[in-house]
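Reader: Hey, got a minute to walk me through this model? I'd like to go residue by residue and then look at the helices.
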Amino acid sequence: MPGNTDSRAGVADKALQLIQQMKQNPDVMPPFNDEVMQECTAKMNELYELNNQCVTKLRLRGERATQEQENLMITRNAALLFIKRCCLAYVYARTERIKSYRWKLGGVLPASIKNNLCESEIEFFHEYCSSLAEFQAGVGENGVNLMLNAHPPKKLFVQVRVLENYGEFETSDGNLVMLRVNSIHSLPRQDCEMLIRQGILEIAN
């Protein structure tokens with residue numbers, strides 16, 4: 001029995017580390033920890049199966065569980081639920097962070113983030129983008145861009161400095177602007193918000 005207890009504790013500790021990993025890296029997306037998630041899934045299945053076998057045997061024999069058996073099943077179930085909660089919290093935290101990237105970066109993820117996502121997370125991001133685009137297109141006659149003016153603007157135009165060579169950029173009023181590194185421009189705030197989020201522009205003090 002000590003071996004089983006140590007095994008449960010080991011997997012539970014790893015499950016808790018999944019959450020701690022997200023808290024310790026609030027500004028980056030850590031790689032999806034598939035190895036630990038698989039260990040957690042295997043341990044939950046094992047604990048469930050052990051309890052199920054115990055209950056099945058007792059029912060077939062028409063017996064009641066002894067106090068020792070009851071305590072053991074309660075302990076297994078508590079361990080299973082703890083691991084499950086940790087895994088769900090881990091997946092939820094990653095999902096919320098992925099959704100935030102859509103609002104900060106637009107519909108294209110940089111490689112530094114995308115490479116740390118698992119296949120299902122990438123699929124979720126694309127589905128979230130599609131749902132958001134469909135919703136925006138269905139508002140009013142011409143749709144609405146929820147990415148613009150996330151905060152009430154104090155000014156319609158803002159001075160920005162170019163951080164990366166971008167090339168020719170057309171503003172909403174039809175003007176063409178050449179965005180070169182270190183150049184400063186006065187642009188409509190709604191036109192440059194996404195470029196600011198992507199790190200191509202910054203507000204010039």
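Reader: Leaving aside neighbours within four places in sequence, which residues is V181 in contact with?
Author: V181 is in contact with V162, L163, E164 and N165, once neighbours within four places in sequence are left aside. Contact here means heavy atoms within 4.5 Å. Before we go on, this is a predicted model: local features need pLDDT of at least 70, side-chain atom pairs count only at pLDDT 80 or more, and totals for chains, interfaces and linings use all residues. Residues are numbered from 1 along each chain as its sequence is written, and side-chain values use heavy atoms, with hydrogens and water left out.

Reader: Ok, and where does V181 lie?
Author: In the loop between β3 and β4. Strands (E, at least two residues) and helices (H or I, at least four) are DSSP runs, numbered from the N terminus.

Reader: How far is V181 from G167 in space?
Author: 9.6 Å, C-alpha to C-alpha, with their positions 14 residues apart in sequence.

Reader: Is V181 buried or exposed?
Author: In between: V181 has a relative accessible area of 37%, so it is partly exposed. The cut-offs are under 20% relative accessible area for buried and over 50% for exposed, with partly exposed in between (1.4 Å probe, protein chains only).

Reader: What about N182, buried or exposed?
Author: N182 is exposed, at 58% relative accessible area. N182 is also found in the loop between β3 and β4, and its phi is near 75°, a positive value in a residue other than glycine.

Reader: Switching to α6. Which of its residues are buried?
Author: D191, C192, E193 and L195, in a helix that covers residues 189–197.

Reader: What do those buried residues pack against?
Author: Strands β1 (157–162), β2 (167–170), β3 (176–179), β4 (184–188) and β5 (201–203). Just after α6, G199 takes a positive phi of about 85°.

Reader: Now the long-range stuff. How is the chain divided into domains?
Author: Into domain 1 (11–104) and domain 2 (157–203). The bounds come from an automatic or database domain assignment. Taken over C-alpha atoms, the domain centres are separated by 47 Å.

Reader: And at what angle do α2 and α3 pack?
Author: About 150°, with axes 9 Å apart; α2 is residues 34–61. Axes are lines fitted to C-alpha atoms, for helices over the stretch in contact, and angles run from 0 to 180 degrees between N-to-C directions. The two helices are therefore roughly antiparallel. For reference, under 35 degrees counts as roughly parallel, over 145 as roughly antiparallel, 65 to 115 as roughly perpendicular and the rest as oblique.

Reader: What classes of residue make up that contact of α2 with α3?
Author: 16 nonpolar, 3 polar and 3 charged. Ala, Val, Leu, Ile, Met, Phe, Trp, Tyr, Cys and Pro count as nonpolar, Asp, Glu, Lys and Arg as charged, and the others, Gly among them, as polar.

Reader: Which residues does Q69 touch, skipping neighbours within four places in sequence?
Author: Q69 is in contact with L58 and R64. Q69 sits in α3 and is partly exposed, at 28% relative accessibility.

Reader: Last one: how do α3 and α5 pack?
Author: α3 (residues 67–105) and α5 (residues 119–137) pack at about 45°, with their axes 10 Å apart. That makes the pair oblique.
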